[in-house]
Amino acid sequence: MKIKDKYDVMLILEGTYPFNGGGVSTWAHMLCNKVKNVNYTLYSINADFEQKSKYELSENVKNVIQVPLWSPLEPQELLSYGKKFYKTVNRKEQNDEAEIVEKFVPIFKRLLSNIYDTNVHAEEIDDTIFDMWQFFQKHDYKKTMKSVAVWKAFCETVTAIIAKDNHYEATLYDFTVGMRWIYRFLIPISIDVPKVDVSHLTLSGFPVIPALVLKYKYGTPIIATEHGVFIRERLIAINSSEYSFFLKNLLIKFSECITKVVYYKSDLILSVNKFNMSWEKMYGANPNKIDVIYNGIDADLFVPGSKPAHLEGVPTVVAAARIFELKDIITMIKSCEVAKRSIPNVKYLVYGDNNAVPEYTQECMALIEKLGLQDNFSLAGYHDKPHQLFCEGDISILTSISEGFPYTVLESMSCGIPVVATDVGGVTEALDEKCGFICKPKDFEALGQSVVALLQDESLRKQMGANARKKVVDNFTIDKFIKEYEVAYEYIVNKEVQEPIYLNTQLQREEAMEAS
């Protein structure tokens with residue numbers, strides 16, 4: 001096969017780039033701007049239709065396909081996906097009730113059985129999704145999925161399944177919400193996609209659907225980059241939700257099915273840390289497909305700098321975090337109360353989207369008021385110069401209950417600012433005891449005491465900051481990160497995917513040492 005100068009890659013995202021910020025968006029923006037051997041098509045799955053990109057897109061981005069899953073109008077009713085309009089109308093108007101009953105309903109029942117079967121193999125789920133995709137090549141998605149026959153099949157099949165379990169029942173509301181979830185998550189199966197050389201997933205979840213369409217239609221290889229482990233974060237979110245047991249069970253089982261398919265169908269799985277690999281193997285990933293590419297940053301941009309004049313003399317802790325549950329801002333607020341006991345004028349500045357989950361933001365504001373921290377803890381909103389953000393603090397903090405390989409830790413370290421962080425994801429693969437403090441998730445007392453220890457010891461703070469800067473420069477630069485992705489793209493297009501994969505020579509050396 002002739003090696004191309006540039007490959008066409010569809011980067012598949014959900015709720016992030018290019019319309020929203022966050023760590024995954026930072027990662028995607030770096031790829032789109034710096035990778036030299038790729039032209040990107042962005043496949044952006046969002047809740048609603050987004051009017052404007054949050055980022056100035058690189059000339060390497062040739063197309064943006066937006067799929068609003070939860071809009072009142074269907075995606076095909078809002079946007080054109082390449083199908084001629086008359087064909088779409090013909091599908092809606094054709095009389096195919098008999099085929100829905102005879103052909104689709106058995107496939108749909110099989111999908112439900114796959115979801116509830118704990119021992120189902122990924123290959124079986126894949127076969128079912130393939131049959132669904134084939135059906136929707138000729139039939140209208142909305143008309144089919146909203147048909148009486150499909151609704152009856154859902155109710156009857158699921159009722160029979162849960163009847164075998166005497167521990168729970170389901171209401172009409174449960175059935176309605178459950179069917180709505182399945183309907184929305186599977187919408188991309190009916191959307192045509194342009195031919196590309198590689199599809200690149202940014203999480204191992206439901207956004208795999210367009211990648212499967214490409215695989216079914218063109219045999220397109222799939223790369224999956226695992227940031228925070230999708231299934232782990234989904235389990236945390238679902239179990240802490242207020243959904244009924246029926247809905248929690250359905251969503252967990254459906255998510256687990258999809259995760260198995262991602263790992264089964266992906267030709268290459270790239271984790272941003274070694275922590276994720278245990279989860280990937282647990283859900284069936286072939287170890288020969290897995291490698292690690294650590295995130296990297298521009299160490300020439302994120303550099304040590306002077307503290308702003310208005311914060312001089314104020315013991316300051318900074319954080320960059322969207323205000324939502326996984327970042328556990330509640331624990332961060334409680335750690336501030338602990339620090340205030342020893343340092344009354346301590347100041348926490350938390351920069352990030354305050355509107356991601358308004359209810360959670362309100363909960364945070366209420367706790368700040370309850371603990372009397374109005375002068376100590378500020379939800380400061382968006383910061384337009386992230387490379388200057390960390391230099392506002394003496395130290396930085398991260399209190400997440402789940403992470404991949406957080407950019408905020410690397411950025412703080414690169415600026416010579418030591419970090420107090422929770423031991424989640426790949427945090428300890430970047431941050432060690434020479435660069436900051438590691439605490440257990442939700443341990444606000446230990447987090448607060450670590451903040452105090454650093455703020456009250458200038459010599460320790462400066463030494464840790466210098467160590468942190470050196471570690472980033474030596475290990476986590478953007479040039480290294482980009483080069484490894486360029487190699488990955490070239491590899492997956494031009495090599496046999498069954499061969500053992502070792503893109504990251506550092507990881508290979510570590511594994512060889514462990515084996516010996």
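How many of the eleven residues of helix H9 (residues 208-218) are buried? The legends below begin with the answer.

This is a predicted model, in which local features need pLDDT of at least 70, side-chain atom pairs count only at pLDDT 80 or more, and totals for chains, interfaces and linings use all residues. Residues are numbered from 1 along each chain as its sequence is written, and side-chain values use heavy atoms, with hydrogens and water left out.

**View 1. Helix H9 and its surroundings.** Nine of the eleven residues of H9 are buried, so this helix is largely enclosed by the rest of the structure; buried means under 20% relative accessible area, exposed over 50%, and partly exposed in between, with a 1.4 Å probe and protein chains only. The buried positions are Val208, Ile209, Pro210, Ala211, Leu212, Val213, Leu214, Lys215 and Tyr216. Glycine 219 follows H9 and has a positive phi, near 70°. Helices (H or I, at least four residues) and strands (E, at least two) are DSSP runs, numbered from the N terminus.

**View 2. The open sheet of seven strands.** The strands are arranged in the order S3-S2-S1-S4-S5-S6-S7 with parallel pairing, where two strands pair if DSSP finds at least two bridges between them. Strand S3 (61-68) and strand S7 (290-292) are the edge strands, each pairing on one side only, and the twist from one strand to the next averages 20°. Strand S5 (residues 222-226) pairs with strand S6 (residues 268-271) in the parallel sense over four bridges, and threonine 225 stands opposite leucine 270 in S6. H9 packs on this sheet, touching strand S1 (7-14), strand S2 (38-46), strand S4 (198-201) and S5, and its direction makes about 165° with that of S4; contact means heavy atoms within 4.5 Å, and angles run from 0 to 180 degrees between N-to-C directions, with axes fitted to C-alpha atoms, for helices over the stretch in contact.

**View 3. The environment of tryptophan 27 in helix H1 (residues 23-34).** Tryptophan 27 is buried, with a relative accessible area of 0%. Not counting residues up to four places away in sequence, tryptophan 27 touches Leu11, His200, Thr202, Thr225, His227, Asn295, Tyr407, Phe481 and Tyr485. The C-alpha atoms of tryptophan 27 and threonine 202 are separated by 9.7 Å, although these residues lie 175 residues apart along the chain.

**View 4. The open sheet of six strands.** The order here is S10-S9-S8-S11-S12-S13, again with parallel pairing. S10 and strand S13 (436-439) stand at the edges with a single partner strand each, so one side of each has no neighbour in the sheet. Strand S9 (residues 347-351) pairs with S10 in the parallel sense over four bridges, with tyrosine 348 opposite phenylalanine 377 in S10. Along S10 (residues 377-381) the side chains alternate, Phe377, Leu379 and Gly381 pointing to one face and being buried, whereas Ser378 and Ala380 point to the other and are not buried.

**View 5. The packing of helix H4 (residues 97-116) and helix H7 (residues 148-163).** The two helices pack at an angle of about 30°, with their axes 10 Å apart. The contact is made by residues including Phe104, Phe108 and Leu112 of H4 and Ala153, Phe154 and Val158 of H7.
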